[in-house]
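Biologist: Can you walk me through how the labels in a model get decided? I'd like to see the reasoning, not just the words.

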Amino acid sequence: MSLPAHDTLTADTTAILSRLGVTDLAADGDLVVRTPITGGELARLRSHSPAQVAETVTAAQDAFRQWRTVPAPVRGALVRELGELLREHKDDLGALVSIEAGKIRSEGLGEVQEMIDICDLAVGLSRQLHGLTIASERPGHRMMEQWHPLGVVGVISAFNFPVAVWSWNAALAFVCGDPVVWKPSEKTLLTALACQALIAEAARRVGAPHAISAVVLGGAEVGEALVDDPRVALLSATGSTRMGRAVAPRVAGRFGKLLLELGGNNAAIVAPSADLDLTVRGIVFSAAGTAGQRCTSLRRVIAHASIADELVARIAAAYETFPIGSPLEAGTLVGPLIDRASYESYANALDKAQANGGELLAGGSRVLAEENPDAYYVQPTLVRMPTQSEIVQAETFAPILYVMTYNDFDEALAMHNDVPQGLSSSIFTMNVREAERFLAADGSDCGIANVNIGPSGAEIGGAFGGEKDTGGGRESGSDAWKSYMRRATNTVNYSTELPLAQGVEFG
């Protein structure tokens, strides 16, 4: 499969950005934006300085003082308008995601649909930000809790979901009364500018403060400015566990709130009773989709010894049929890795796996390198491992799937949980006892646990996030909105007496 001409890709990108409202690109910026499709340069942008980040936070703080007093259902109008703009520009923004992040077209469009979905959820939520009425032990008293806007929300996002993760945070933050300052990955800056143009237009239409949303561009020093600013009430950071370990103590040191979405090393247990047709489909998408560059990508299969050989043969056969190439072409299922560093990580992991006794069963090679040496396309790779060695316990952000076997279900659960990460998990079984055990307190230790479906492809209605080295944060649905607000417990005395709690007498 051939790759598109880079000049054509650049022209298409410029046209898409113009339609999305982004026209002020710097010709001499220090940030080089590249597409993983060809490895070529798309644009140059200028970094913000730490001082400019501070100015942006100041403007957001001013916007917060205004926005927090707007009734929540009225705040919901901003998000509703954003959702309508996303519907209008879905094709263009989805194409931009594919160009900049390398996702196949359906996944690029799916990411924008995820943004639309979270906007719909947040608009409804704007009328449901409710607390509790609590029984008081004192006569003539009423207790209740309220949820109030929190403050400026800082968002640091990764390249693999360049727009959806921002929307998970932003849509909830806006209806909760908070402005957002966003530092996107240096690898996906154009999609961030496009989102900022759309939310700026939505704010203009409904009369929201212009500084309700802002984007700051740059490297680690820009992120550090957000991390360390005491006016950033909540920092939501998505990325590696290494990044989370650096960020967490700094935010905690200033008593800021923190929402971390970090690494995943997701597994599927395949039981003897599993429907193998369903299982193979679930495994193949979860392991190879987005070229293995999802935090929820399937990286480990723990298969019962009685069905492991058949399962491995069927996965290997499926892997040999993948169309690999330009994500913009219809029919492509696997696009490029994001850059050279990602490819080197992939190659090093395979070397270590084979050094630890791993047997390469499918894939394992770079493709299309002669056509374009600056783009990094690899075959989804299947490796059978004798044990869950150190390389298996590490997250490699690439399409490598390790297969191991088990004999006893308790053994399978122990293997499943014996990794530092705890994001997403799955089991394929027709045995209700195994399914329920997997979901029980002594089953999967992950934030997401699925039965007869792979670990990737979460819906926005549920809270998204994980435990252990994944960071413990929760975004998107359920009650994740509470992270973006502060709780106040109120007691109202409507009697003529002043009884004290716990029977205390004073005077």
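**Around S444**

Modeller: Sure, and keep in mind that this model is predicted. Let's start with S444: apart from neighbours within four places in sequence, S444 is in contact with L413, H416, N417, S425, F438 and A449.

Biologist: Where is S444 found?

Modeller: S444 sits in the loop between α15 (432-439) and β19 (448-451).

Biologist: Why is S444 called buried?

Modeller: Buried means under 20% relative accessible area. S444 has 11%, so S444 is buried.

Biologist: What makes the link between the side chains of S444 and S425 a polar contact?

Modeller: The cut-off for a pair of N or O atoms is within 3.5 Å. The side chains of S444 and S425 are at 2.7 Å, so the pair counts as a polar contact. The S444 side chain also reaches the backbone nitrogen of C446, at 3.2 Å.

**Two helices**

Biologist: Why are α10 and α11 called oblique to each other?

Modeller: Helix α10 (residues 276-288) and helix α11 (residues 308-319) pack at about 50°, with axes 10 Å apart. Under 35 degrees would be roughly parallel, and 65 to 115 roughly perpendicular. About 50° falls in neither range, so the two helices are oblique. Their crossing is right-handed.

Biologist: Which residues make that contact?

Modeller: From α10, you've got L276, D277, T279, V280, I283, V284 and A287; from α11, E310, L311, R314, I315, A318 and Y319. They split into 9 nonpolar, 1 polar and 3 charged.

Terms used: Residues numbered from 1 in each chain as written. Predicted model: local features only at pLDDT ≥ 70, side-chain atom pairs only at ≥ 80, totals over all residues. Heavy atoms only, no water. Axes fitted to C-alpha atoms, helices over the stretch in contact; angles between N-to-C directions. Helix = DSSP H or I, 4+ residues; strand = E, 2+ residues; numbered from the N terminus. Parallel < 35°, antiparallel > 145°, perpendicular 65-115°, else oblique. Left-handed = near helix turned anticlockwise from the far one by under 90°. Contact = heavy atoms within 4.5 Å. Nonpolar A, V, L, I, M, F, W, Y, C, P; charged D, E, K, R; others polar. Buried < 20%, exposed > 50% of the residue type's maximum accessible area, 1.4 Å probe, protein only. Polar contact = N/O pair within 3.5 Å; in protein donor to acceptor, adjacent residues only side chain to side chain.
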